[in-house]
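Dear colleague,

I am handing over the structure we spoke about, with the sequence beside it. Please have it open as you read, since my notes below follow it from the whole chain down to single residues.

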Amino acid sequence: MASLFRDRALGLSKRDSFSFSSSSSTAAAAAAASPSSATSRFMPAANSTALSPLPSPFGDLTSTLSDSDIRSSAYEIFLSANRSSASKPLTYIPSSNNSNSPSNSTTHGNSTANLQRSLTSAAASKMKKALGMRSSSSKKSSDSHNSTPGGKLKKPVTIGELMRVQMRVSEAADSRIRRGLLRISAGQVGRRTELTVLPLELLQQFKASDFTDQQEYEAWQKRNLRMLEAGLLLHPHTPLEKANTAAQRLRQIIHAALDRPIETGRNNESMQVLRTTVIALASRTVDGAPFECHWADGFPLNLRLYETLLEACFDVNDETAIVEEVDEIMELVKKTWGVLGLNQTLHNLCFTWVLFNRYVATGQVENDLLRAADSQLAEVAKDAKVTKDSIYSTVLSSTLTAMMGWAEKRLLAYHETFDSGNIDLMESIVSVGVLAAKILVEDISNEYRRRRKNEVDVALSRIDTYIRSSLRTAFAQRMEKADSSRRASRNQPNPLPVLAILAKDVGELAIKEKDTFSPILKIWHPFAAGVAVATLHACYGNELKQYISGIAELTPDAVQILRAADKLEKDLVQIAVEDSVDSDDGGKAIIREMPPYEAEGVIANMVKLWIKTRIDRLKEWVDRNLQQEVWNPRANQEGCAPSAVEVLRIVDETLDAFFLLPIPMHPALLPDLVTGLDKCLQYYATKAKSGCGSRTIYIPTMPALTRCTTGTKFHWKKKEKAVASQKRNPQVATVNGDSSNTVPQLCVRINTLHKIRMELEVLEKRIITLLRNCESAHVEDFSNGLGKTFEITPATCIEAVQQLSEGVAYKIVFQDLSHVLWDYLYIGELSSSRIEPFLQELEKNLTIVADTVHERVRTRLIADVMRASFDGFFLVLLAGGPTRAFSKQDSSMIEDDFKSLKDLFWANGDGLPDDVIDKFSTTAREVLPLLRMESEALIERFRRLTLETYGSSAKSRLPLPPTSGQWDPNEPNTLLRVLCYRNDEAATKFLKKTYNLPKKL
């Protein structure tokens, strides 16, 4: 980085390369042409920076005064303020020669001595140190100079000479001004400079012959008249009254002089009129004030003139460098305060602006200028606390507004302004912007004064604004970049969605913010990084919210975006927490600004919607296919329904699809999926068993109790007639049941439900395998029994198989074989209606069952058929209706028939196990012996058991015991039924006497 203060070997700076030859008459003539043309000799070299200053905050002057005019007038004021009454003002007296003389102690009080101070002083600049500006380490004088064909060159050797060079004034013009000042001093001995109207006095001293040509003279005269116009008419110290005659007269004089120059340099009438008019305007004072002279101290003329003088501190040949002699120059420049009506406060403000504006105008390449302006602005802040002058407040406001506007233009998008190459500048620019804003708000704003100051933290507020604005701008740029990246990768396989790209970019932006910018901004804002990530969180959240509102189903892009959003949010929150670790609330305020994206929740909801859609489709499929299912035992080798095979395949595919979803919460959402599948399979199982009946609907309704006619025997001519008659006879039991499903079809249903239950075990094992291969699963997921997920379908299948198995058994016995059981067995003559036909038909059905039902449920079904057969056998004996009657002697045949029935299921050891047969034969073993008992013994036993059951209330009349449906030798109803079907006089009389039972229905 270029230094403001170049090392000048042998005491030379770049300005030493200019030619100031007084020996060349040609050069002198050219220089003397005009003040403006004279400056051509002192234009910057080719490598000088072209200035691009900001608009002046001090206001605009008349357009007839050019920068060159202002610079010439400022130089005249400078020389006038530093003039001496001595007759030899240009005498060079090296300060080193007089350093020990007594008179040296009054150097600062002697303007001429100041102007002629030597440039060889090696003392370091106090001002540069105070402003934190770097300086060359040493300065050495040298008599060696650059040479040109014109001869030996000379360099500035005094402060006055240096100032002339810095303000680009020719030697001829400088000599003329000094002569004029000498003449003025001679005529006004002892009069203070600030009481002199300098343009008027100079007009009085020079005539056309003092200039090279008439054109130069006229330009000089117009400039001085315009300066009088600006100082007395356009920008007066005291506002003019509209009817002021002197002002009107001066306007007329100036207007006439622009067309026809007045004759100056003489005490003629026109000059007398001009003098009278100017003095009248310049000496206007407030009532009671002492005599004063105001011609260059009106706002903003005075500030523009002073700004020009301050700019002379910058090297004329290196616009970014302040001359080494800035302390001496500044000391002399301050001598103009009396003429310009300035003070230290206004000086501080102007100098701050000059430093800042020069930094901007020179392309912002010299950072020391910005740091110096920032340092000087701190002095302005102190002044603003105690200075309440209205003009000062106006100038202060416009100046700070300009500075703050420039700074904030960069800070409101500091990601565009700063990078690793210039990040060191950021602190100074932020400082300028914040301090300017603070002064404007705290010291100028009336609204702020009306409020309690502790309610507003200006610095915190501005930094907060910079952060949020810059991050929003940077986010918008990342959005465009992400969109461009998406378009560029459109033809590539699996391109990333825009918001997924953006999430990655925003994460990188947050890291850059935390590492690069937040450490600087934290000087003014303790939670700069937290504010930054909260802003980014909100920006991305808005885009994410808009995206989520537009998606209807879970897609790979949606999952990628939501997962990227979840990761981004965690990273941003982590930065915010780390940044707020020392805050009073632990960062809660910042975190409250970051409402959760709930990306995982959104993913979960989308997956739940995906699950619901799949489950709903599966349920619709179950309904549709079950309506078409015919339960054909030959549909496949397994003897189960094709619809079950298909539904299990769909379940399997659904599980595969679920675990292929690129989501981070498979274990968490798996229960939802399996619960849905479980309900679907339960629904299938429930529908598969519905309408097939149960054991209760096939068991016939028991007829009312009757008694036998003693000695009656039934005689039947033909069995066919007996069967037909029995079906029409209302005195027998009624057979119920559903005949819409055949036994093979019911067996297919049983096989289907059994297969579903078995497949569930396989599915649970497969789910565990899929979980183990899932990256989002954890050990605790398995320890919590996540794999055992099907809960209702297995129980439903077991219940349904049981219901269907019993239904098939009782259907076979009570419906399909009713013609050989209810319509035949033991009706009429016992010897001719025994059990053999029933056994033959039952064996055929058992063969069908064995061939159709899966072996794992075959034993159960055959056991149910055996139980149903036993129940049917005893219903015939104990509730077969009045067409059946048994004697004590019939008991042996009945017992033989029951043994044959058991032997059918035993099948010589190839059938049901003995323990199963014995278990279901318990009732037979206990009840059949009752058929061998004498009627009197049965009656006595019945009386005893009834009295035991009903107590003393049964002594007067034995109550009729209810039918329990359970046959037991110790149960009164069982004994009563044995008596009802006993073809015996004792039994008949007892029933007639005790219950008055009829002989027939």
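What you have here is a predicted model, and everything that follows was computed from it.

I will begin with the chain as a whole. It has 41 helices and 2 strands, and of its 1001 residues 52% count as buried. If you take the contacts between residues at least 6 apart in sequence, 79% of them join residues at least 24 apart. The surface that the chain exposes comes to about 46100 Å², and carbon and sulfur atoms supply 50% of that area.

Next, please look at two pairs of helices. Two packed helices are described by the angle between their axes and the distance between the axes. For helix α6 (residues 159-166) and helix α13 (residues 326-333), the axes come within 11 Å and cross at roughly 85°, and the two helices are therefore roughly perpendicular to each other. On the α6 side the contact is made by I159, L162 and M163, while α13 brings E328, I329, L332 and V333. By class, the residues of this contact comprise 6 nonpolar and 1 charged, with no polar ones.

The second pair is helix α8 (residues 198-205) with helix α11 (residues 269-282), whose axes come within 10 Å and cross at roughly 170°. Because angles over 145 degrees count as roughly antiparallel, α8 and α11 are described as roughly antiparallel to each other. Here L200, E201, L203 and Q204 of α8 meet M271, L274, R275, V278 and I279 of α11, and this contact divides into 6 nonpolar, 1 polar and 2 charged residues.

Further along the chain, helix α40 (residues 972-980) is mostly covered, with 9 of its 9 residues buried. Which helices help to cover the buried residues of α40? Among them are α35 (855-879), α38 (922-927), α39 (935-950) and α41 (985-995).

Finally, I picked out three single residues for you to find.

S643 is found in helix α27 (residues 642-660), and it counts as buried because its relative accessibility is 4%. The side chain of S643 is joined to that of Y684 by a polar contact of 2.6 Å. Leaving out residues up to four places away in sequence, S643 touches W621, N625, L626, E629 and Y684.

V808 has its place in helix α33 (residues 792-816). Is V808 buried or exposed? At 0% relative accessibility, V808 counts as buried. Not counting residues up to four places away in sequence, V808 touches V743, L746, I750 and L861. Although V808 and Y698 are 110 residues apart along the chain, their C-alpha atoms are separated by 9.5 Å.

R834 lies outside the helices, in the loop between α33 and α34 (836-852), and with a relative accessible area of 25% it is partly exposed. Once its neighbours within four places in sequence are set aside, R834 is in contact with Y824, L825, Y826, M893, D896 and D897. With M893, a polar atom of the R834 side chain lies 3.2 Å from the backbone oxygen. As for D896, it is 62 residues from R834 in sequence, and the C-alpha atoms of the two are 9.9 Å apart in space.

With best wishes

Definitions and conventions:
Residues are numbered from 1 along each chain as its sequence is written. This is a predicted model: local features need pLDDT of at least 70, side-chain atom pairs count only at pLDDT 80 or more; totals for chains, interfaces and linings use all residues. Side-chain values use heavy atoms; hydrogens and water are left out. Buried means under 20% relative accessible area, exposed over 50%, partly exposed in between (1.4 Å probe, protein chains only). Helices (H or I, at least four residues) and strands (E, at least two) are DSSP runs, numbered from the N terminus. Contact means heavy atoms within 4.5 Å. Axes are lines fitted to C-alpha atoms, for helices over the stretch in contact, and angles run from 0 to 180 degrees between N-to-C directions. Angles under 35 degrees count as roughly parallel, over 145 as roughly antiparallel, 65 to 115 as roughly perpendicular and the rest as oblique. Ala, Val, Leu, Ile, Met, Phe, Trp, Tyr, Cys and Pro count as nonpolar, Asp, Glu, Lys and Arg as charged, and the others, Gly among them, as polar. Accessible areas come from the Shrake-Rupley method with a 1.4 Å probe; for residues, only the protein chains shown count as cover. A polar contact is a pair of N or O atoms within 3.5 Å; within protein, one must be able to donate a hydrogen and the other to accept it, and residues adjacent in sequence count only if both atoms are side-chain atoms.
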